[in-house]
Amino acid sequence: MSILRVIIAADPPPRLDKALARDVPEAAALSRTRLARLIAEGAVSRAGVVLADPKARVAEGDAIEIAVPAAQSYDVTAQDIPLAVVFEDDDLIVIDKPAGMVVHPAPGSPDGTLVNALLHHFGGRLSGIGGEKRPGIVHRIDKDTSGLLVVAKSDRAHHGLAAQFEAHSARRAYRAVVHGVPDRADPRLMGTRGVSSRGAGEITITSGLARHKTDRQRQAVYFDGQGRHAITHVKLLERFGTPPCLSLVECRLETGRTHQIRVHMAHAGHALVGDAVYGGRRKLPGSALRPQAAAAVQGFGRQALHAAELGFDHPVTGAALLFEAPLPADMAALLEALQGGA
């Protein structure tokens, strides 16, 4: 059993369960359902007093302790699925995940996932955190997002990596093709709530993120202390079309929330190409693109998002590591079509 200490942040929800759901680090891998179960089991306390009522009131600065049971076995079948290994040593492995691969087994995706592949690759060497033994998943990328992911092979690496992700010291930079041009000179963009100007030609999008109030499969932007704090930095790299109607951007995560880039870019009015959940089926303006380029955009079958850079300090040796993954074939082909001219 381990003790997780959580300090309640500013403007907390009035209920214990909601405050913990907001403030427990994502790296702890404690879902709202699991937190509710731990509260009911008497595993949550404040100043030595057990808090068994999920409606108990909390205040900013409260130190809440959660007794997290030791990891249990993880009942998932190992599968011999090829992995694109970018780096590996005794403590961690960096994977270039293809689009279409789910990270964790779930209803609708019981196998063929990254976890199934890692279980086979590791040969039973797992790190455990959050109540289940799992192959060291420290962070996630969406099924239809490609790119770099680091996985811990030892508990010491898992905790060290989790601490860096929690402290926002890891570098995570993505390439995305988006609708429109996120330019700081655009008064509409700069007048959007949560969008601000940043040095070096960047913009920053800041908000809370939480589940949509009516569609539980989506995330939504919130303000005034609601949701988990989320910050995305966006740099314009290239424009496409005459007049420009699409862009290649770099999105750098300061925080890492579910669907963060997709939600933030849609909120800013620059949804990702191919994102059916947050972007809808956007129409391209008139003859801004050559027919070949327009067809490539309309036929792109996933969100055009790739985790291109991942940097962190090795959790055991302390060495600074930075990895880069080239664009996958589908995004490379999309860019080639767009760069062919309008």
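**Strand β16 and its surroundings**

Within strand β16, the residue that forms the bridge partner of R171 is G311, where strands are DSSP runs (E, at least two residues), numbered from the N terminus, as helices are (H or I, at least four residues). The model is predicted, and local features therein need pLDDT of at least 70, side-chain atom pairs count only at pLDDT 80 or more, and totals for chains, interfaces and linings use all residues. Residues are numbered from 1 along each chain as its sequence is written, and side-chain values use heavy atoms, with hydrogens and water left out.

The contact between R171 and G311 belongs to a pairing of strand β10 (residues 171–179) with β16, in which six bridges join strands that run antiparallel; two strands are taken to pair if DSSP finds at least two bridges between them. Strand β9 (residues 146–152) is joined to β16 by two bridges, and these strands run parallel, with S146 standing opposite H306 of β16. Strand β17 (residues 320–324) is also joined to β16, by five bridges and in antiparallel fashion, and here A320 of β17 is the bridge partner of D313. β16 and β17 form a hairpin with six residues between them, and G318, in the turn, has a positive phi of about 85°.

How enclosed is strand β16 by the rest of the structure? Eight of the nine residues of β16 (residues 305–313) are buried, so the strand is largely enclosed by the rest of the structure; buried means under 20% relative accessible area, exposed over 50%, and partly exposed in between, with a 1.4 Å probe and protein chains only.

The aromatic residues add a further set of links, for the structure holds two aromatic pairs. In one of them the ring centres of F87 and F323 are 5.4 Å apart and the planes stand at 40°, so the pair is tilted; rings of Phe, Tyr and Trp (its six-membered ring) pair if their centres lie within 6.5 Å, and planes under 30 degrees apart count as stacked, over 60 as edge-to-face and the rest as tilted. Because F87 lies in strand β5 (residues 85–88) and F323 in strand β17, this pair ties together parts that are 236 residues apart in sequence. F87 is partly exposed, with a relative accessible area of 25%, whereas F323 is buried at 10%. F312 and F323 form a tilted pair as well, 6.0 Å centre to centre with 40° between the planes, and this pair links F312 in β16 to F323 in β17, 11 residues apart. Through these ring pairs F87, F312 and F323 are linked into a cluster.
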